[in-house]
Amino acid sequence: MHDLVTKIIESRLPSTEVFRGLRKHRLALIGAGIILVLIFIAILAPFIAPHDPIEQNLEHRLLPPNAEYPLGTDNLGRCILSRLIHGTSVSLQIGVIVVGIAATTGVTLGLIAGYRGGLVDELIMRIVDVLLAFPGIILALAIAGILGPSLYNVMLALAVVGWTSYARVVRGSVLSVKEKEFVEAARALGAGEARIMFRHILPNVTAPVIVMATLGMAHVILAAAALSFLGLGAQPPTPEWGSMLNDGRAFMRTAPHLTIFPGLAIMVTVLAFNFLGDGLRDVLDPRLKGAAR
Amino acid sequence: MSINKKIISLVVGILFLSSLLAGCVEQQADEQPAAQVPQEVVAGLGRDPVGARGAHPYLTRVFEQLVILDAEMKPRPGLATSWEVSEDGRTWTIHLREGVKFHDGTPFNAETAKFSLEWATRVRPGLLGSIDRIEIVDDYTIKVIHSEPHAPFLRSLFFAVMISPNAIDEDDRVIESIGTGPFKVEDYQPEDKLVLVRNEAYWGGLPKLERITLRYIPEATTRIMALEAGEIDMIIDTGGILPEHAPVLKANPEIEVMTIHGVVHHHIGFDTTTPPFDDVRTRKAISYAIDPESLVRYALEGYGKVMNTPVPPLYKDWMHPDLLFEFSDKDKARKLLQEAGWADMDGDGIVEKDGEEFKVTMHLAGGWVGRWPYKTIAEIIQSDLREIGIAMDIDVVDTGLYREMMERGDVKMTLIPIAGVSPRSAVKDTFHSEGGMTVAINPPFFSNPRVDELTEAAMKETDDSRAQRLLFEVQEIVAAEVLMIPLFEELMINAVRDNIRGYEMHPWFVVNWEDIHVVSEK
């Protein structure tokens, strides 16, 4: 991990070059395209959804896909397509918020740990070790279980579990970057600690963070769906993909469309972020470039 | 090369032949006479069959009672052979069955019967009425003397199990489930399984089954999947199978789905002592907002019956003849809310009063969600309430936590199953301010002195028609005050695999284990 990170840093590329690199990476482009579409769906959800996602129409329950309900209805007669569309914004929001909190916390603590070293480093990294000693999803389950079931608690739980890997990677990068001449120069010019950390070191460690954050989106969306599936996340009637899967489980054999479509939505979204993340890593990491595919 | 090929084809040939032979052996096993089939059954259910007072008497049949209730809920002799009641209704003379022994060898007689009844009144005060004393007349006759008449006494004996004195510690806790029933406990893993073996010395004849394993499977879908896979042979108990799973099982030719109108009925309970439900108009608005008919049709898939009064249809004579509760009129519901001071000032669809939005959480016990379609029901109610401007959250909490929250008064609104062994006690347990022995919604949800008075009087009133009139008045008060909202009486769903014979369902989920047998291997 450590020297991979160093490689990534040393290969820091200007953003135009990143785009040029990505253009050659077909899967990453597909991933980026899907993500763009998802973002549009999420923003325009109230306008493009054919029905109210929480409106029940009990006489029309468990309908297979038809003209009025393109993906059918669930056990309470709600339009599955509309619920999926509104669920997109729920899932993307979870991803962005959790990854945002986790990355911000992780990067900041990683920077401080790496730059200051000594006791501070020791303290932060031992906390990271402790958190990493638990399987992430189990720890998140425990946290969400204690705080009570809600979407916010799930986000909090995933953020608490998620920041550690960012901190570790960033700290590793900082350790090598801080010995570089330009840091010495900044210090010699009398720059403050905060300035050195955030203005001089941070830009040099962003590449791996971007890759991690993209792959992290996929991971977080999946984990949130899993926790909602277990009843700890989104509460009814919130149209969340994981809880839609759970609701449909009892009807898996009599009305499989209740589980197939939310399942597909989760799969496509997670795949898209993974494709993009892989592409970014290939572009940002010359060592893997070409060799991976 | 060709030798290799020959070896390979030889090996394949041997494998093929041996698989054929294995098929033959299996077929032979199928044709074995029933007597040689191991008489062992694994049953799944949605709760732990062992509780604080030992093995569940009806589900496990480890314990027996002096009096049992038959499928029509009529009292029949159990460990008592006959009984007489004195003119004043206060003294019951009970004649006991002879030649019965507890699983530990202790003889069942007047002394142990007295011990068991006294223990029952200590752990469940009021269960058998106000017993003054129990006298031993001779070895097999006891006299139970009440300080005042207790009309449902005979039926309440169904709740008092005969337990060996060795089974209880000095704090009246059950340390071991030692009864007189056809099956005795061999092994118990809490929250997992209870293994029963037959009682070779059972007074009622040797049970056909040798061994029963009761598996606690909290998750409803897992339960039916286990049944379909043949991991379990039957699903028993009230709330054994969710209505939405019934069609899947019915489509399976190896499985028989059975139903019966049980004693369990379901309600919305709310805390009428604190806002917002301390105002009868808000409670009435809720009952106008919901539609039990559609709950039965869509959440229960028809496996239930609408109730219009808190007395279940099983006790038809005790049901108020009029339709007391009024439902499904959203305009009336909105009007009532308005009268109570709730109005949507900011146009967000949620009504407010004094600047506070009408938000309420419906708490559901996790254990009950795995047995009844409470979550679907709650979601339909949630949608109904949103239409009249009430924002309802649904919170499924662990059953232990749920009970704690109920005691602390943290639950404002919930769904509750209620069962009553007699119409008198069903009503008293549900509405008397001291609560009752079954699931209590009261306390802490309400207290009404007139209801207390009437239910107590009904317990003492030995004349049924007079008692019925008393309970009619209770039902009128409950409906006028909307102290709770009756939703439906459940049609209990159980299922057995086709190699299991003899199971007959009972409204109080008593399992006739001694008649059940296995006719062929799975």
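This is a short talk about a predicted model with a chain A and a chain B.

Okay, hi everyone. Remember as we go that we're looking at a prediction. I'll begin with chain B, move to where the chains meet, and finish on one helix.

So, chain B. It has 522 residues, and 55% of them count as buried. If you go through its secondary structure, you'll find 15 helices and 25 strands. Put a box around its C-alpha atoms, along the principal axes, and you get roughly 95 × 75 × 40 Å. Now, what share of the contacts in chain B with a separation of 6 or more comes from residues 24 or more positions apart? That share is 67%.

Let's zoom in on one residue, B:Ala343. You'll find B:Ala343 in the loop between α9 (330–339) and β18 (352–353) of chain B. Is B:Ala343 buried or partly exposed? Its relative accessible area is 26%, so we call B:Ala343 partly exposed. Which residues does B:Ala343 touch, once we set aside neighbours within four places in sequence? Those are B:Val351 and B:Glu352. For a sense of distance, take B:Thr221: that residue is 122 residues from B:Ala343 along the chain, and their C-alpha atoms are 42 Å apart.

Right, on to the interface. People often describe how big an interface is by the accessible area that gets lost when the parts come together. Between chain A and chain B, about 1700 Å² is buried, and carbon and sulfur atoms give 49% of that. On the chain A side, the residues losing the most area to chain B are A:Pro236, A:Ala250 and A:Arg253, which together make up 29% of what that side buries. Counting by contact, chain A brings 19 residues and chain B brings 21.

What about charges and polar groups? There are 5 salt bridges across this interface. One pair to look up is B:Glu219 with A:Arg249, a salt bridge whose closest N and O atoms sit 2.9 Å apart. We also count 9 residue pairs in polar contact between the two chains, with both residues at pLDDT 80 or more.

Last stop: helix α7 of chain A, residues 151–177. These 27 residues reach 38 Å from first C-alpha to last, close to the expected 39 Å. Where does α7(A) bend? Look at A:Gly162, where the angle is about 25 degrees. Most of α7(A) is covered, with 19 of its 27 residues buried. And at the start of the helix, a side-chain oxygen of A:Ser150 comes within 3.3 Å of the backbone nitrogen of A:Tyr152.

That's me done, thanks!

Note on methods. Residues are numbered from 1 along each chain as its sequence is written. Chains are lettered from A and ligands numbered from 1 in the order in which they are written. This is a predicted model: local features need pLDDT of at least 70, side-chain atom pairs count only at pLDDT 80 or more; totals for chains, interfaces and linings use all residues. Side-chain values use heavy atoms; hydrogens and water are left out. Helices (H or I, at least four residues) and strands (E, at least two) are DSSP runs, numbered from the N terminus. The expected span of a helix is 1.5 Å times one less than its number of residues. The bend at a residue is the angle between axes fitted to the seven residues ending there and the seven starting there. Buried means under 20% relative accessible area, exposed over 50%, partly exposed in between (1.4 Å probe, protein chains only). A polar contact is a pair of N or O atoms within 3.5 Å; within protein, one must be able to donate a hydrogen and the other to accept it, and residues adjacent in sequence count only if both atoms are side-chain atoms. Contact means heavy atoms within 4.5 Å. Buried area is the accessible area (1.4 Å probe) that two parts lose on being put together, summed over both. A salt bridge is a side-chain nitrogen of Lys or Arg within 4 Å of a carboxyl oxygen of Asp or Glu.
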